[in-house]
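Here are a few exercises to work through with the model open beside you. Try each task before you read its solution.

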Amino acid sequence: MENRTEILVVGTHEDILKTVLRLLNAETSWHAVGVLGCEEAIAKCKAHTYAIVLLGGGLTEPEEAKLKTEIKLIHPAIHIIPHYGGGSGLLYAEIHGALGTTN
Amino acid sequence: MAQIVLHTAASRGGADHGWLKSYHTFSFASYYNPERVNFGALRVLNDDAVDGGRGFGEHPHDNMEIISIPLSGSLEHKDSMGNIGTIEPGEIQVMSAGTGIYHTEYNKNKDQTVKFLQIWVFPNKRNVEPRYDQVKIDTPEKPNTLVQILSPNPDDAGVWIHQDAWFNLGKLEKGSHVDYSLQKKGNGAYIFVLAGDIEINGQALSTRDGFGIWDTDNFTIQAASDAEFLIMDVPMEF
């Protein structure tokens, strides 16, 4: 589909990641893919342009810092935001907040 | 000079799923208002009513301090750490989601609606070890006083969370007042009226109104009728 917002979700917990992806992809104007861990996230960003990288729980501070630095080098305009609250009510606000859009 | 924000009950976002009726003071689920995302570290204030026997199936959380306060009925909790508990009015439950947790929340009774507040506070540390606790709320020693139900300190009254936040429940008789001093420099207070009419700094508030105040050290809550309210004292920067 054209003009969908591409979102990369970085997690450490496979089941939580699946839930987050299911909820994000329920929104037809968003397309989310997920990875487990930093190296895979960086590789994905080298191969594809995302509007948003959503950092899930379980990443250490050094991992988050490394991700932010390396991804910003690849795509300076990308939004990198922490995700709070698991697979429930905050996802939409986090994405809209990062994009500066309203639903 | 004190800064204030008023969120009237009628201005809240609403969701009616049949079995669940929820009012969102701040953006949540399909309610998104960029002007209403949080009050400092206070991110979610949901006023929920769940039909008998119904509830939230298994779902995950991470990196959030989640507090439930039942107002009527019984709420049952089960989580991936093996905790099973039921909370009722007069109790408070806390869950630090940290690195990740799954849980379910159900109305324990088949024939009675459970009403409760669900409150989410941003933690001051990411990726803490998940934990769960529930405690009975102390009965106030004197009328027209506040009861602390949450703090950052494990040894203090109420439950504790990973944030420099303090919650107090207040119950005032008509014509009485209570003074409140913010617990920490840089904190603000968000007052949610559970029942009745109160006044803060000249602002009249009624049932389910919310009122935030910051850049001040203290304020006075005056009861225009018998009233109950919750004060959430949270960092404005976190």
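**Exercise 1: a strand pair and its sheet**

Task: find how many bridges join strand β6 of chain B to strand β11 of chain B, and place the two strands in their sheet.

Solution. Step one is the pair itself: β6 (residues 65-72) and β11 (residues 114-121) of chain B run antiparallel and are joined by seven bridges. Strands here are DSSP runs (E, at least two residues; helices are H or I, at least four), numbered from the N terminus, and two strands pair if DSSP finds at least two bridges between them. Within this pair, I67(B) is opposite I119(B) of β11(B).

Before going on, a note on conventions: this is a predicted model, in which local features need pLDDT of at least 70 and side-chain atom pairs count only at pLDDT 80 or more, while totals for chains, interfaces and linings use all residues. Residues are numbered from 1 along each chain as its sequence is written, and chains are lettered from A and ligands numbered from 1 in the order in which they are written.

Step two is the sheet: it is open, has seven strands with antiparallel pairing, and follows the order β2-β3-β4-β11-β6-β9-β12 in chain B. Step three is its edges: β2 (13-16) and β12 (131-136) of chain B each have a single partner strand, so one side of each lacks a neighbour in the sheet.

**Exercise 2: K115(B) in strand β11**

Task: decide whether K115(B) is buried or partly exposed, and list its contacts.

Solution. Start with the place: K115(B) belongs to strand β11 of chain B. Next, count neighbours: K115(B) has 18 C-beta neighbours inside 10 Å, so K115(B) counts as partly exposed. The rule calls a residue buried if 20 or more other C-beta atoms lie within 10 Å of its own, exposed if 12 or fewer, and partly exposed in between, with C-beta atoms placed from the backbone. Finally, leaving aside neighbours within four places in sequence, K115(B) is in contact with D48(B), A49(B), L71(B), S72(B) and G73(B); contact requires C-beta atoms, placed from the backbone, within 7 Å.

**Exercise 3: the annotated positions**

Task: which residues does UniProt give as "binding site", and how does burial compare for H59(B) and H103(B)?

Solution. First, the record: an unreviewed UniProt entry places this feature at H59(B), H61(B), H103(B) and E105(B). They spread over 47 residues of sequence but cluster in space, with a largest C-alpha distance of 12.7 Å. Such annotations may be inferred rather than shown by experiment; positions use the numbering here and feature names are shortened.

Second, H59(B) sits in strand β5 (residues 55-61) of chain B and is partly exposed because it has 17 C-beta neighbours inside 10 Å. Third, H103(B) sits in strand β10 (residues 101-107) of chain B and is buried because it has 22 such neighbours inside 10 Å.

**Exercise 4: two domains**

Task: find how far apart the C-alpha centres of domain 1 and domain 2 of chain B lie.

Solution. Begin with the bounds, which come from an automatic or database domain assignment: domain 1 of chain B covers 13-136 and domain 2 covers 146-235. Their C-alpha centres lie 20 Å apart. The contact takes 20 residues from domain 1 of chain B and 18 residues from domain 2 of chain B. On the domain 1 side, β4 (42-50), β6, β9 (91-96) and β12 of chain B are the elements that give two or more residues.

Key:
Two residues are in contact if their C-beta atoms, placed from the backbone, lie within 7 Å.
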